[in-house]
Amino acid sequence: MLNQYDAEDVIDSLDKKISWEKELLGLSISGSRADRFRVRDKCSDIIRNGYNGMFVELAIEVDDFREILTKKKREPMAFITGSDSSFQLDNIVVFPHVYSQCINVIVPGAVLKINGMIDERGSVQAKELTRLL
C-alpha cells in the first residue's frame, strides 16, 4: 500500500508545485509560472544587456506592486516587482495612461506579459500589459 502511495503524483500540476514551494520554502526551485510563456527577453537579459531605449518583451510573475498618485494630476500609476526563473526586477513602471487600462490585472501572483522599453534610469517602462495567468 505504501508503494502505491509513493508512486502517485501528489502534486497535480507544475503551477501547484511552484506555488507550494514559494509558500513553504519562500522560493521556487522548479522555476517560475512565467517560464511557460514564450517571450523574447528574460529578466536577467535586462540586467546584463539592457540599455536606454531598448524594447523589451517580458513574462513575469507579479511578486508585489505599489500604487501611487502622480504629483501634478493626482492620477494613479504603479511600480511592479516581478520575476521569472532568471531574476527579479523591482523597477517596472506603469504610467497612468497604461495603468488605467490594466488596473485590475496587476495583482500579486498574476503572470503578465509586458511590452515596453528601458529608460535612462534602467527601469522598464510598460507600454502594454497583458495578463497571461
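The exercises below, each with a worked solution, concern a predicted model.

**Exercise 1.** Work out how many disulfides the model holds, and why C43 and C102 are or are not counted as a pair.

*Solution.* Begin with what is being sought: a disulfide is a covalent bond between the sulfur atoms of two cysteines. For a pair to be counted, the two sulfur atoms must lie within 2.5 Å. Next, take C43, whose closest cysteine sulfur, in C102, is 17 Å away, and this is too far for a bond. Starting instead from C102, the closest cysteine sulfur is that of C43, again at 17 Å and too far for a bond. The count by this rule therefore comes to zero disulfides.

**Exercise 2.** Decide whether C43 and C102 are buried or exposed.

*Solution.* A residue is called buried when its relative accessible area is under 20%. C43 has a relative accessibility of 0%, so it counts as buried, and C102, at 7%, counts as buried too.

**Exercise 3.** Determine where E21 and I29 are placed, whether each is buried or exposed, and which residues E21 touches.

*Solution.* First, locate the two residues: E21 lies in helix α2, while I29 sits in the loop between α2 (14-25) and α3 (43-49). Second, consider accessibility: E21 is buried because its relative accessible area is 12%, whereas I29, at 65%, counts as exposed. Third, leaving aside residues up to four places away in sequence, E21 touches G26, L27, S28, I29 and S30. Finally, I29 also belongs to a nonpolar surface patch with W20, L24, L25 and L27, and together these residues have about 570 Å² of accessible area.

Technical notes. Residues are numbered from 1 along each chain as its sequence is written. This is a predicted model: local features need pLDDT of at least 70, side-chain atom pairs count only at pLDDT 80 or more; totals for chains, interfaces and linings use all residues. Side-chain values use heavy atoms; hydrogens and water are left out. Patches are made of residues with over 30% relative accessible area and no salt bridge: like charges are joined within 9 Å, nonpolar side chains (Val, Leu, Ile, Met, Phe, Trp, Tyr) within 5 Å. Accessible areas come from the Shrake-Rupley method with a 1.4 Å probe; for residues, only the protein chains shown count as cover. A salt bridge is a side-chain nitrogen of Lys or Arg within 4 Å of a carboxyl oxygen of Asp or Glu. Helices (H or I, at least four residues) and strands (E, at least two) are DSSP runs, numbered from the N terminus. Buried means under 20% relative accessible area, exposed over 50%, partly exposed in between (1.4 Å probe, protein chains only). Contact means heavy atoms within 4.5 Å.
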